[in-house]
Amino acid sequence: MIWIELYVKNAPLRKFHLQGNYVFGRSKSKCDRFALALNSPVNVVVIPLLNISGFHAVLCSINGDYQIVDGWGDSYSTNGVFVNGVKVDFAILSNRDEVKLASSDVRIIYHEEVEDILNEEKSTLQNLPEI
């Protein structure tokens, strides 16, 4: 199962099990207009921060791979999209990739398996100091 964690200002905001495509932006009306133009199921995620563009990015599934796209077509966001610290126009995501929208204020962690979080918890428990 594929899912993402969304953080705003380093606080966990929400976890999504990915189904369909996602549009991220500050303006619901701009995101909704784009969603209608896609002509496929789209989930709109509104992030009301000034450094996020009205319509900022798309997370879409193409041939079974999820990609993050800065804007769409010739229209890019003002402050960019970064994957693992590198500014991108688009990128195919891999397990545990970190996507930042505009800055470190908005982070998306991409996960390809539910087992990923279970393994992380198990590792944390195994590395606890003995008392």
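Tyr110 lies in strand β11 of a chain whose structure is a predicted model. The residue is buried, with a relative accessible area of 2%. Leaving aside neighbours within four places in sequence, Tyr110 is in contact with Ile2, Trp3, Ile4, Leu18, Tyr66, Leu93, Ser94, Asn95, Arg96 and Asp97. One of these, Arg96, is 14 residues away along the chain, yet the C-alpha atoms of Tyr110 and Arg96 are separated by 5.2 Å.

The strand that holds Tyr110 is mostly covered, and six of the six residues of β11 are buried. In a regular strand, side chains alternate between the two faces of the sheet. In β11, Val106, Ile108 and Tyr110 point one way, while Arg107, Ile109 and His111 point the other way, and all are buried. Strand β11 pairs with β1 in the antiparallel sense over six bridges; within this pairing, Val106 of β11 is the bridge partner of Val8. Strand β10 is also antiparallel to β11, to which it is joined by three bridges, and Val99 stands opposite Ile108 of β11.

Arg107 of β11 is involved in charge pairing as well. Side chains of opposite charge can pair when their charged atoms come close. Glu98 forms a salt bridge with Arg107, with the closest N and O atoms 2.8 Å apart, and a further salt bridge links Glu98 to Lys100, where the closest N and O atoms are 3.9 Å apart. Glu98, Lys100 and Arg107 are thus linked in a network of salt bridges. Arg107 has a relative accessible area of 18% and counts as buried because the cut-off for burial is under 20%. Lys100, at 25%, is partly exposed.

The count of salt bridges comes to three. Apart from the network, the side chains of Lys28 and Asp32 meet in a salt bridge with an N to O distance of 2.9 Å. Lys28 and Asp32 are four residues apart in helix α1, so about one helical turn separates them. Lys28 counts as partly exposed at 48% relative accessibility, and Asp32 is likewise partly exposed, with a relative accessible area of 27%. Helix α1, which comprises residues 28-38, lies across β3, β4 and β5 and runs at about 165° to β4.

The strands crossed by helix α1 belong to a five-stranded open sheet with the order β4-β3-β5-β6-β9 and mixed pairing. Its edge strands, β4 (42-46) and β9 (90-92), each pair on one side only. On average, neighbouring strands of this sheet are turned by 20° against each other, direction ignored. At the β9 edge, β6 and β9 run antiparallel and are joined by three bridges. Phe90 in β9 is the bridge partner of Val69.

In soluble globular proteins, nonpolar side chains tend to be buried together. The largest nonpolar core of the chain has 26 residues, and those with the most contacts inside it are Phe24, Ile47, Leu59, Ile68 and Leu101. Two or more residues of this core come from each of β1 (3-8), β3 (21-25), β5 (57-62), β6 (65-70), β7 (81-83), β10 (98-101) and β11 (106-111). A second, separate core of seven residues includes Cys31, Phe34, Phe55 and Cys60. Phe24, of the largest core, touches two of these residues, Cys31 and Phe55. Beyond four places in sequence, the other residues touched by Phe24 are Ile4, Val45, Ile47, His56, Ala57, Leu59, Leu101 and Ile108.

Considered as a whole, the chain has two helices and eleven strands. Along the sequence, these elements follow the pattern β-β-β-α-β-β-β-β-β-β-β-β-α. Of the 131 residues, 41% count as buried. Among contacts with a separation of 6 or more, 44% are accounted for by residues 24 or more positions apart. The chain exposes about 7,800 Å², of which 51% is supplied by carbon and sulfur atoms.

Technical notes
Residues numbered from 1 in each chain as written. Predicted model: local features only at pLDDT ≥ 70, side-chain atom pairs only at ≥ 80, totals over all residues. Heavy atoms only, no water. Core = buried A, V, L, I, M, F, W, Y, C linked by side-chain atoms within 4.5 Å. Buried < 20%, exposed > 50% of the residue type's maximum accessible area, 1.4 Å probe, protein only. Contact = heavy atoms within 4.5 Å. Areas by Shrake-Rupley, 256 points an atom, 1.4 Å probe, with all protein chains shown as cover. Pairing = 2+ DSSP bridges. Axes fitted to C-alpha atoms, helices over the stretch in contact; angles between N-to-C directions. Salt bridge = Lys/Arg side-chain N within 4 Å of Asp/Glu carboxyl O.
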